[in-house]
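Student: I would like to learn how to read a model of this kind.
Tutor: Then look at the chain before we take the features in turn.

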Amino acid sequence: MNYNVLAIILGGGQGSRLAPLTESRSKPAVPIAGKYRLVDIPISNCINSDIKRMFVLTQFNSASLNQHIKNTYHFSHFSTAFVDILAAEQTPDNPTWFQGTADAVRQCMTHFMNHDFDYALILSGDQLYQMDFNKMIKAHEKSGASITIATLPVTAKEAPEFGILKTDHDSFITSFIEKPNASLLPEWTSEVSEESKAEDKHYLASMGIYIFNRDLLVQLMRNNETKDFGKEIIPQAIGFQKILSYQYEGYWTDIGNIDSFFEANLGLTDDIPKFNLFDNSSKIYTRARVLPPSKITGASTIDKSVVAEGCILNGATIEHSVIGIRSRVGYGTTISNSYLMGNDHYQNLEEIRTNDLNGIINIGVGERCYINNTIVDKDCRIGNDVRLNGGKHLEDTNTPLYTIKDGIIVVKKGAVLPDGFTV
């Protein structure tokens, strides 16, 4: 185990851009890929890098995240490994909630200082990537840097969405600008690999992944005025600290809004997905559930899709979709370009029969439905002959049962859509 490094995973703010998926859960607890949670990604990257002392900082809707981490990450009783939740707490010295990424770390410093470490690895809880942090740590040590920032080559089109930086010939950062206007970009090109140049990626963007030397972090956290790493801490340190740019060229995406979340999930259905769930050296860990294999009956057809365990698909057509755990899809239903998050429990046969007799819709998707360009959150009850056809023809809206963002229909957690319901 890497005893030099303490990992700090930032749970993010209220996650309003991911609403309604964040109405009842924090952003790191949002289900992804049919069986995981977003927080499993940075935790798995740490475990695969032999970094097994982790804190997860959160303050909004943290109950389901607490439960997931408590039920998932158990290490040996004789190990010093842990994944601990640190929720924002008001104290006599600190009456406010987290005001930003740096403020969140500052308010939790007393907990970090109870542990021995040389480097703090600061990560985001809402990104999708697979990364060996040991390579980044070795580059940090070799360079003699005080801070190292993971950076990603991006195109001119992407650059205005990021913090963009420039480096010298030794990859030390000389200047930084937050979300630059497109007109300024010609002055912000950096030296990147030949592969990146071939893809017109001439700019280096901050990935929001940092390594801080312990002593420097302690020193910086004494300044109560700075609230955010990307907007204040990093720009203010340039010219005063040695800040290394560590270029990463693998797949990485920030799950910042519904569109990027939807695209990241459906991307897993590609023949060779950019995010590889089948990599033996970069496994993604999550809660170990005792679930049966999925059952597919009634001449169902499945193409270019990911189906999690414990599903029951009866005469359904599944195309370019992700089907989450315990999903039930009825006869004659078509699911295309969609993500069904699945269900938290099964209904027994007696309950199903009773519901049928009383006209109560069961958990899952009924018969003869058509669901396209849609996210169905956990534990929804969708009746028969329901038609949900997402697309750019739909205007953004929010109702008690569903939300539409960028043409994507999001059925809210636990929603009940009656027979014949249409969007």
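**Reading a helix, its ends and its surroundings**

Tutor: Helix H8 is followed by glycine 239, whose phi is positive, near 95 degrees. Helices (H or I, at least four residues) and strands (E, at least two) are DSSP runs, numbered from the N terminus. The model is predicted, so local features need pLDDT of at least 70 and side-chain atom pairs count only at pLDDT 80 or more, while totals for chains, interfaces and linings use all residues. Residues are numbered from 1 along each chain as its sequence is written, and side-chain values use heavy atoms, with hydrogens and water left out.

Student: Which residues of H8 are buried?

Tutor: H8 spans residues 229–237, and Phe229, Gly230, Ile233, Ile234 and Ala237 are buried. Buried means under 20% relative accessible area, exposed over 50%, and partly exposed in between (1.4 Å probe, protein chains only).

Student: Where do these residues sit around the axis of H8?

Tutor: An α-helix has 3.6 residues a turn, so residues three or four places apart point the same way. The buried residues of H8 cover an arc of only 105 degrees around the axis (directions from the axis to the C-beta atoms), which puts them on the same side of H8.

Student: What does aspartate 228 reach at the start of H8?

Tutor: A side-chain oxygen of aspartate 228 comes to within 3.0 Å of the backbone nitrogen of glycine 230.

Student: How do I read a polar residue inside a helix, such as asparagine 45? Is asparagine 45 buried or exposed?

Tutor: Asparagine 45 belongs to helix H1 (residues 40–48) and is buried, at a relative accessible area of 2%. The side chain of asparagine 45 reaches the backbone nitrogen of methionine 131 at 3.2 Å. Not counting residues up to four places away in sequence, asparagine 45 touches Tyr129, Gln130, Met131 and Phe133, where contact means heavy atoms within 4.5 Å.

Student: What does serine 44 touch?

Tutor: Serine 44 also lies in helix H1 and counts as buried, at 0% relative accessibility. Leaving out residues up to four places away in sequence, serine 44 touches Lys283, Ile284 and Tyr285.

Student: How should I read unusual backbone angles?

Tutor: Most residues other than glycine have a negative phi, and most peptide bonds are trans. Aspartate 200 is not a glycine, yet has a positive phi of about 60 degrees. Aspartate 200 is in the loop between helix H6 (194–198) and strand S11 (203–213), and is exposed, with a relative accessible area of 52%. Asparagine 373, also not a glycine, has a positive phi of about 50 degrees. Asparagine 373 sits in the loop between strand S24 (370–372) and strand S25 (374–376) and counts as partly exposed, at 22% relative accessibility.

Student: Which peptide bond is cis?

Tutor: The bond from alanine 19 to proline 20 is cis, with omega near 10 degrees. Proline 20 is in the loop between strand S1 (5–10) and strand S2 (31–32).

Student: How do I read empty space in the model?

Tutor: On a 1 Å grid over the protein atoms alone, a cavity is a set of points where a 1.4 Å probe fits but cannot get out, and a pocket is an open set with protein on both sides within 12 Å along at least five of seven lines; lining residues have an atom within 4 Å of a point. The second largest pocket has a volume of about 630 Å³. Of the 28 residues that line the second largest pocket, Arg328, Ile352, Asp356, Asn362 and Ile363 are the closest to its centre. Strand S17 (312–314), strand S20 (328–329) and helix H10 (349–357) are the elements that give two or more residues to this lining.

Student: Which element gives the most to the lining of the second largest pocket?

Tutor: Helix H10 gives the most, with 4 residues.

Student: How many cavities of 30 Å³ or more are there?

Tutor: The count comes to 3 cavities of 30 Å³ or more, and about 80 Å³ of space lies in the largest cavity. Among the residues lining the largest cavity are Ser327, Arg328, Leu340, Met341, Val376 and Asp377.

Conventions. Polar contact = N/O pair within 3.5 Å; in protein donor to acceptor, adjacent residues only side chain to side chain. Points joined across faces, edges and corners; volume = space filled by probe spheres on them.
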